[in-house]
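Trainee: I have a model open and some labels I want to test. Can we go through them one by one?

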Amino acid sequence: MLITFEGIDGAGKSTQIKKLVTTLSDQGRDVLTLREPGGTEVAEKIRMILLESRHAISPIGELLLFSASRAELVQEVVMPALADGKTVILDRFFDSTTAYQGYGRGLDLEMLRSIIEISTCGIVPDITFYLDIPPEEALKRKFSAKSIPLEFDSDELDRMERSGAEFYHNVRQGYLEIMRLNSKRFVSINALEHPALIHRQITALLKQRFES
Ligand code: TYD
């Protein structure tokens with residue numbers, strides 16, 4: 001089974017993924033968690049270029065780098081793990097590309113669909129949890145954790161995070177549209193709720209969908 005988590009930076013995906021891994025492992029499932037971009041030696045190098053560099057990268061270049069990282073991860077790790085019967089949890093997958101490079105950077109959505117099909121070998125998650133949060137709130141969380149003033153060009157932010165407020169608004173609108181078009185696969189969660197409550201919602205939904 002493939003479970004993915006989506007949402008803008010700071011929505012609390014990692015906290016929820018950690019809790020879910022514990023619950024599923026306690027139930028005796030063999031769970032593998034991975035994050036995108038990254039997860040193989042080559043994909044981690046691509047991650048450094050995408051997030052840590054100060055270089056300007058064109059929208060198409062950015063799309064192809066995220067996609068190259070995904071192709072490595074899918075073929076080297078995700079497909080073999082699924083074939084082994086593992087439960088794979090991905091912190092971001094191709095919906096991030098549609099939201100960030102499509103709705104955020106403004107790249108053509110049809111072109112993205114073809115590249116996504118190639119980079120994923122056609123794999124689609126069984127279920128996707130979308131943690132919804134207003135961008136200002138997400139950024140506030142991030143900055144207050146580090147006790148620094150909130151500025152979009154801060155050195156504390158990675159290359160994507162320095163894209164600014166309007167970019168993040170477009171990404172969020174993109175997620176809402178993607179969710180509307182894929183309502184069977186997506187579950188929307190209010191990321192402002194208490195983390196323990198969110199976790200209960202997630203486990204209840206998984207139980208309802210996959211154990212009945
Ligand atoms: P990461 O540090 O993993 O952040 P987060 O905790 O928010 O997941 O950074 C990944 C960044 O890359 C994040 O800003 C989203 C962006 N991204 C894309 O723009 N396109 C993609 O296809 C993927 C996978 C990520």
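Mentor: What follows takes the sheet, then the ligand site, then two backbone features. Keep in mind that this is a predicted model.

Trainee: What makes S4 and S5 a pair?

Mentor: Two strands count as paired with at least two bridges between them. Strand S4, residues 127-132, and S5 are joined by five bridges in the parallel sense. So the pair meets the definition. Within S4, Leu131 stands opposite Ile189 of S5.

Trainee: What is the strand order in the sheet?

Mentor: The order is S2-S3-S1-S4-S5, an open sheet of five strands with parallel pairing.

Trainee: Why are S2 and S5 called edge strands?

Mentor: Strand S2 (31-35) and strand S5 (186-190) each have a single partner strand, so one side of each has no neighbour in the sheet. From one strand to the next, the twist averages 20°.

Trainee: Now the ligand. Which residues come nearest?

Mentor: Asp9, Lys13, Arg92, Thr97 and Gln101 come nearest, out of 14 residues around the ligand.

Trainee: How do you know that Asp9 makes a polar contact with the ligand?

Mentor: The cut-off is a pair of N or O atoms within 3.5 Å. A polar side-chain atom of Asp9 lies 2.6 Å from a ligand oxygen atom. So Asp9 qualifies. Thr97 also places a polar side-chain atom 2.6 Å from an oxygen atom of the ligand. For Arg70, a side-chain N or O atom is 3.0 Å from a ligand oxygen. On its own the ligand has 550 Å² of accessible area, and the protein covers 90% of that.

Trainee: Which pocket does the ligand take up?

Mentor: The ligand occupies the largest pocket.

Trainee: Which helices supply the shell around the ligand?

Mentor: Helix H2 (41-52), helix H3 (59-83) and helix H4 (94-104) each give at least two residues. H4 has the largest share, with four residues.

Trainee: What makes the bond between Glu36 and Pro37 notable?

Mentor: Most peptide bonds are trans. The bond joining Glu36 and Pro37 is cis, with omega about -10°. Pro37 is in the loop between S2 and H2.

Trainee: And what makes the phi of Arg92 stand out?

Mentor: Most residues other than glycine have a negative phi. Arg92 is not glycine, and its phi is positive, near 80°. Arg92 sits in the loop between strand S3 (87-91) and H4. Arg92 is also among the residues that come nearest to the ligand.

Technical notes
Residues are numbered from 1 along each chain as its sequence is written. This is a predicted model: local features need pLDDT of at least 70, side-chain atom pairs count only at pLDDT 80 or more; totals for chains, interfaces and linings use all residues. Side-chain values use heavy atoms; hydrogens and water are left out. Axes are lines fitted to C-alpha atoms, for helices over the stretch in contact, and angles run from 0 to 180 degrees between N-to-C directions. A residue is near a molecule or strand if one of its heavy atoms lies within 4 Å of it. A polar contact is a pair of N or O atoms within 3.5 Å; within protein, one must be able to donate a hydrogen and the other to accept it, and residues adjacent in sequence count only if both atoms are side-chain atoms. Accessible areas come from the Shrake-Rupley method with a 1.4 Å probe; for residues, only the protein chains shown count as cover. On a 1 Å grid over the protein atoms alone, a cavity is a set of points where a 1.4 Å probe fits but cannot get out, and a pocket is an open set with protein on both sides within 12 Å along at least five of seven lines; lining residues have an atom within 4 Å of a point. A molecule sits in a cavity or pocket if more than half of its atoms lie within 2 Å of its grid points.
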